[in-house]
Amino acid sequence: MNKIPLSRPYITEKDISCVVNILNSGMLVQGKEVDFFEKSMSRYIGSKHAIAVSNGTMALYLSLLAAGVKSGDEVIIPALSFVATANVVELIGATPIFVDICLDTFNIDVSKIEEAISPKTTVIMPVHEFGLSADITEIKKIADKHNLLIIEDAACALGAKENNHHVGTFGMAGCFSLHPRKSITCGEGGFIVTNDDLFAKKLYQLRNHGIEENFQFSSIGFNCRLTDFQASLVNSQFERFDEILEEKSKIVNWYLSRLENLNIKLPSIPENKNHTWQTFHIILNEKTDRTKLIETLKAKGIYTNYGAQCIPSLPYYQEKYKSSRQFANSWKAYKKGLVLPLYNGMSEEDLNSVVNELKIAIQ
Ligand SMILES: *Cc1c(COP(=O)(O)O)cnc(C)c1O
């Protein structure tokens, strides 16, 4: 049986030879490849600094630390995201304040942010979910009005823009991931962009044992460095980044045209944004049993999954905060959302099988 995976990293022979070259060089840890990667990211995104780190979760965690977020602070995040968005806030000792999402975009509902702000709020951390920019210009207006910092969780949204500005550049920091589920990958990896020199300096220190350029040890830090062989892989992939996004967009357009007029909710793209399609996420109709559907498709060799978590409903968060507030849209996306296979190199034939089997299963 022909297996159709949910996603698949796109690695070419050239990518492999770039990594092998670095392995043969004997210089494995952070060096010239990481340096090159940081320069190309800051040039592409249009930020003064790009700081490579070991993964997207550490990018978020170090950014909160560098922003001075501390125990007792409140950080506003969307209720629907990958759980890491909330975990980093929790691990800093601050309190995540959840805000529901819009079902059309799966991004934070901006009209509900102000009611979540309290005197303890210090940061808004929007997520650009599934590769689409949140309403970041509006979020920035709210943050400016209340004197709050923005740290963007852009982990799955490299290349996403609002009004032609890259996500990650609207606030104090933008955090990206290089996990294999994202558009370009090096296994585990991430980076932070910022225009603020002092903030960047703190990040450089936090990444590398608190060491400063003059080799003084006046602050403290972790080891969250990326390796040079990882950076060489992502550098090689980044050369074809436009092509990677174009191909995904072509595949999604096939889906969109073939899934019309079915009883499912398709994602929509606001006019002032581009979608980078890290994930193609649909909402099933109320009557569809998702667990059964996933099993039925799997039996046909087609791998699907749910998309993101309604974080306040997860056991840790439910028990700790006993939130009685309702996050109806996040809950619906968590319970009725389905991610369809999408990866570079996906054939039209495979896509047709996914669509046909889905149609039969939801009839
Ligand atoms: C992938 C992802 C992360 C975590 O990134 P890692 O590199 O896996 O640590 C965080 N937030 C969101 C929204 C993500 O999609």
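The following dialogue concerns the pockets, the ligand site and the cavities of a predicted model.

Biologist: What makes the space taken by the ligand the largest pocket?

Modeller: A molecule sits in a pocket if more than half of its atoms lie within 2 Å of the grid points of that pocket. The ligand is assigned to the largest pocket, therefore it satisfies that criterion. The volume of this pocket is about 550 Å³. Its lining comprises 29 residues, and F82, H179, R181, K182 and Q278 are the closest to its centre.

Biologist: Which elements give two or more residues to the lining of the largest pocket?

Modeller: These are α3, spanning 56–66, and α4, spanning 84–92. The largest share, 3 residues, is that of α3. Both helices also contribute to the shell around the ligand, with at least two residues each.

Biologist: Why are G56, T57, D153, S177 and K182 counted among the residues around the ligand?

Modeller: A residue qualifies if one of its heavy atoms lies within 4 Å of the molecule. There are 15 residues around the ligand, and the five you name come nearest; therefore each of them has a heavy atom inside that cut-off.

Biologist: How do you know that T57 makes a polar contact with the ligand?

Modeller: A polar side-chain atom of T57 is placed 2.5 Å from a ligand oxygen atom. The limit for a pair of N or O atoms is 3.5 Å, so this pair is a polar contact. By the criterion of 3.5 Å, two further pairs also qualify: a polar side-chain atom of S177 at 2.6 Å from a ligand oxygen atom, and a polar backbone atom of G56 at 2.7 Å from one. Of the 380 Å² of accessible area that the ligand has on its own, the protein covers 91%.

Biologist: What is the make-up, by class, of the shell around the ligand?

Modeller: The shell has 8 polar, 5 nonpolar and 2 charged residues. In the lining of the largest pocket, the division is 13 polar, 11 nonpolar and 5 charged.

Biologist: Why is F215 counted in the lining of the second largest pocket?

Modeller: Lining residues have an atom within 4 Å of a grid point. F215 is listed in that lining, so one of its atoms meets the cut-off. Other members include Q30, K201, Y204 and R207. The pocket has a volume of about 280 Å³, and its lining divides into 4 charged, 4 polar and 3 nonpolar residues.

Biologist: Why is the space of about 140 Å³ called a cavity?

Modeller: In a cavity a 1.4 Å probe fits but cannot get out. This space is the largest cavity, so a probe placed there has no way out. The structure holds 4 cavities of 30 Å³ or more. The largest cavity is lined by 17 residues, with R8, P9, P180, K182 and K248 nearest its centre. By class, its lining has 7 nonpolar, 6 polar and 4 charged residues.

Definitions and conventions
Residues are numbered from 1 along each chain as its sequence is written. This is a predicted model: local features need pLDDT of at least 70, side-chain atom pairs count only at pLDDT 80 or more; totals for chains, interfaces and linings use all residues. Side-chain values use heavy atoms; hydrogens and water are left out. On a 1 Å grid over the protein atoms alone, a cavity is a set of points where a 1.4 Å probe fits but cannot get out, and a pocket is an open set with protein on both sides within 12 Å along at least five of seven lines; lining residues have an atom within 4 Å of a point. Grid points are joined across faces, edges and corners, and a volume is the space filled by probe spheres set on the points. Helices (H or I, at least four residues) and strands (E, at least two) are DSSP runs, numbered from the N terminus. Ala, Val, Leu, Ile, Met, Phe, Trp, Tyr, Cys and Pro count as nonpolar, Asp, Glu, Lys and Arg as charged, and the others, Gly among them, as polar. A polar contact is a pair of N or O atoms within 3.5 Å; within protein, one must be able to donate a hydrogen and the other to accept it, and residues adjacent in sequence count only if both atoms are side-chain atoms. Accessible areas come from the Shrake-Rupley method with a 1.4 Å probe; for residues, only the protein chains shown count as cover.
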